[in-house]
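Please look at the model below with its sequence alongside. This report covers an aromatic cluster, a helix and a sheet.

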Amino acid sequence: TSVASIRLWPEEILSSKTAGVIGLLPRFRYLLISPGLLSSLSEEELRAVVAHESGHLRRWHLLFFAIAFLGFLELLLLGSVSANMVGWWQNWEVPPWAEGGAVVVALLLFLRFGLGFVSRQFERQADCHALERVGLRPFAQALLKVSWLNGIDPEQPNWHHYGVLQRLRFLSECEERP
């Protein structure tokens, strides 16, 4: 998986011990790893984290997120135009506060349920990519280490990633029954 470069995650912006990828095109794509995570992982665990992040790139997850967000904006525009057309037809006007409130509610619902669902599935795919590349043990160790470093309870479900133990149970099942 090609990236322009591997960079340290700026901890001034986000203090989490984490890794991630940004950029759609290979020449403008970066793998970011926080210094705290980098210094805490073994070489094998680091390979597992990189395999997970490359899974996102190989499956074009960033592009799908961009398409989903553009689709959401199109739906907002369609809803606004429809409300204005109905208002014109019925001879009433949608108050700006109501339109703004509807946009905020729609955005929150889209983020929580739309992107949350998609993100969980993307994480599963990236987890499976890491499982195929490095096996369960190094990825499990890395994932548990990330949760410990960030003070995240491995039992706690997560709205956009599944909980750590949920993810590891799923990968164990995948390893047992590919």
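Phe 122 counts as buried, because its relative accessibility is 10% and the cut-off for buried is under 20%. The model is a predicted one.

Phe 64 has 44% relative accessibility, so it counts as partly exposed. Phe 65 is partly exposed too, with a relative accessible area of 28%. Ring pairs link Phe 64, Phe 65 and Phe 122 into a cluster.

A search of the whole structure finds 5 aromatic pairs. Two of them are set out here.

| Pair | Centre to centre | Angle between planes | Class |
|---|---|---|---|
| Phe 64 and Phe 122 | 6.3 Å | 45° | tilted |
| Phe 65 and Phe 122 | 5.1 Å | 80° | edge-to-face |

Both pairs reach across the chain. Phe 64 lies in helix H3 (residues 61-90) and Phe 122 in helix H4, so their pair ties together parts that are 58 residues apart in sequence. Phe 65, in helix H3, is 57 residues from Phe 122 in helix H4, and this pair also links distant parts of the chain.

Next comes helix H6. It covers residues 164-176, 13 residues in total. At 1.5 Å a residue it should span 18 Å, and its end C-alpha atoms are 18 Å apart, so expectation and model agree.

Which residues of H6 are buried? They are Val 164, Arg 167, Leu 168, Leu 171 and Cys 174. Seen down the axis of H6, these buried residues fall within an arc of 115°, so they line one face of the helix. The general background is simple: an α-helix has 3.6 residues a turn, so residues three or four places apart point the same way. The buried residues of H6 pack against three helices: H2 (43-58), H4 (96-134) and H5 (136-149). Helix H4 thus appears again, as it also holds Phe 122.

The last topic is the sheet. It is open, has 3 strands in the order S1-S3-S2, and its pairing is mixed. Strands S1 (5-8) and S2 (19-22) are the edge strands, each pairing on one side only. On average, neighbouring strands are turned by 25° against each other, direction ignored.

S2 and strand S3 (residues 30-33) run antiparallel and are joined by 4 bridges. In S3, Leu 32 is the bridge partner of Gly 20. Helix H2 packs on the sheet, where it touches S2 and S3. The direction of H2 makes about 30° with that of S2. H2 is also one of the helices against which the buried residues of H6 pack.

Definitions and conventions:
Residues numbered from 1 in each chain as written. Predicted model: local features only at pLDDT ≥ 70, side-chain atom pairs only at ≥ 80, totals over all residues. Heavy atoms only, no water. Helix = DSSP H or I, 4+ residues; strand = E, 2+ residues; numbered from the N terminus. Expected span 1.5 Å × (residues − 1). Buried < 20%, exposed > 50% of the residue type's maximum accessible area, 1.4 Å probe, protein only. Arc of directions from axis to C-beta. Contact = heavy atoms within 4.5 Å. Pairing = 2+ DSSP bridges. Axes fitted to C-alpha atoms, helices over the stretch in contact; angles between N-to-C directions. Phe/Tyr/Trp six-rings, centres within 6.5 Å; stacked < 30°, edge-to-face > 60°.
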